[in-house]
Amino acid sequence: MPAITLTTLQSLKQKGEKITMLTCYDATFAHACNEAGVEVLLVGDSLGMVLQGHDSTLPVTTAEMAYHTACVKRGNTDALILADLPFMANATIEQTLTNSATLMQAGAHMVKVEGQLWLAESIRLLAERGVPVCAHMGLTPQAVNILGGYKVQGRNENQARQMRADAISLEQAGAAMLLLECVPSELAAEISQAVKIPVIGIGAGSDTDGQVLVLHDMLGLSITGRVPKFVKNFMQGQDSIQSALKAYVNEVKGVTFPGIEHGFSA
């Protein structure tokens, strides 16, 4: 497939074609995901849990994110590479700019930051300096200790109203993409319609502009044995990892994944 850019993703949203995203942490899987037609590779700080064995994403450093971003870059030919700013890497404007530059120089095409409206100024400054930003809203794993655990966000009307308003404000600040995690399906659909930029969901229903899963989750690999409600094991019924990756792409594109059972109600 031709190289995926922000323009490509915007065009997919306008056409109503779903965008496919998977986490990726190394060159081999980057190549495999390219072969399967995955459009966006997320070098997620989830690597702290699935690769490093931590019980959260908090211990991951910017240097580690840059290392894995560079690994993915070497195996990638077509996909857009999105890299996470890890815990406290955007605590100040200066840190945000410096750490984003590190990830972009390692090979990222866009950075992802977790938070709400307070991100607006950082997003504006990054966009002005040529760094596209994906704003991660809803359940933000870096804030797990504030949120009191991994809980669905936006279930009460005040939370939902604030999330809708924040999404619009972050788009106006210059965000190029939104990622909604563990958000009621109806709210995620409303936000997807309210903004012009692509909205990617994970545990946010099927009416977002695209889907993302953690690579290890969708391949049925788990250290803990706990499988989130929004995950489907795509290795089931497949004879190879490559077939499972292709099945994921086909089901997202065909809007057969996620099903109702993978989403949350208000």
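These questions and replies test a few structural labels in a predicted model.

Me: How do you know that C134 is in no disulfide?
Reply: A disulfide needs two cysteine sulfur atoms within 2.5 Å. The nearest cysteine sulfur to that of C134 belongs to C182 and is 15 Å away. That is too far for a bond. The structure as a whole holds 0 disulfides.

Me: Why is C134 called buried?
Reply: Buried means under 20% relative accessible area. C134 has 0%. The value is under the cut-off, so C134 counts as buried.

Me: What makes C182 a buried residue?
Reply: Its relative accessible area is 5%. The limit is under 20%. Therefore C182 is buried.

Me: What is notable about the backbone of C182, and where is this residue found?
Reply: C182 is not a glycine, yet it has a positive phi of about 50 degrees. Most residues other than glycine have a negative phi. C182 sits in the loop between β6 (177-181) and α9 (185-194).

Me: How do you know that the buried residues of α1 line one face of the helix?
Reply: The buried residues of α1 (residues 6-15) are L9, L12 and K13. Seen down the helix axis, they fall within an arc of 100 degrees, so they line one face. On the other side of α1, T7, Q14 and K15 are exposed.

Me: What phi does the residue just after α1 take?
Reply: That residue is G16, with a positive phi of about 80 degrees.

Me: Why is V255 called partly exposed?
Reply: Buried means under 20% and exposed means over 50%, with partly exposed in between. V255 has 43% relative accessibility. That value lies between the two cut-offs, so V255 counts as partly exposed.

Me: What phi does V255 have, and where is V255 found?
Reply: V255 has a positive phi of about 55 degrees, although it is not a glycine. V255 is found in the segment after α11.

Me: What makes the peptide bond from F257 to P258 cis, and where is P258?
Reply: Its omega is near 0 degrees, and the bond is cis. Most peptide bonds are trans. P258 has its place in the segment after α11 (241-253).

Definitions and conventions: Residues are numbered from 1 along each chain as its sequence is written. This is a predicted model: local features need pLDDT of at least 70, side-chain atom pairs count only at pLDDT 80 or more; totals for chains, interfaces and linings use all residues. Side-chain values use heavy atoms; hydrogens and water are left out. Buried means under 20% relative accessible area, exposed over 50%, partly exposed in between (1.4 Å probe, protein chains only). Helices (H or I, at least four residues) and strands (E, at least two) are DSSP runs, numbered from the N terminus. The arc is that of the directions from the helix axis to the C-beta atoms.
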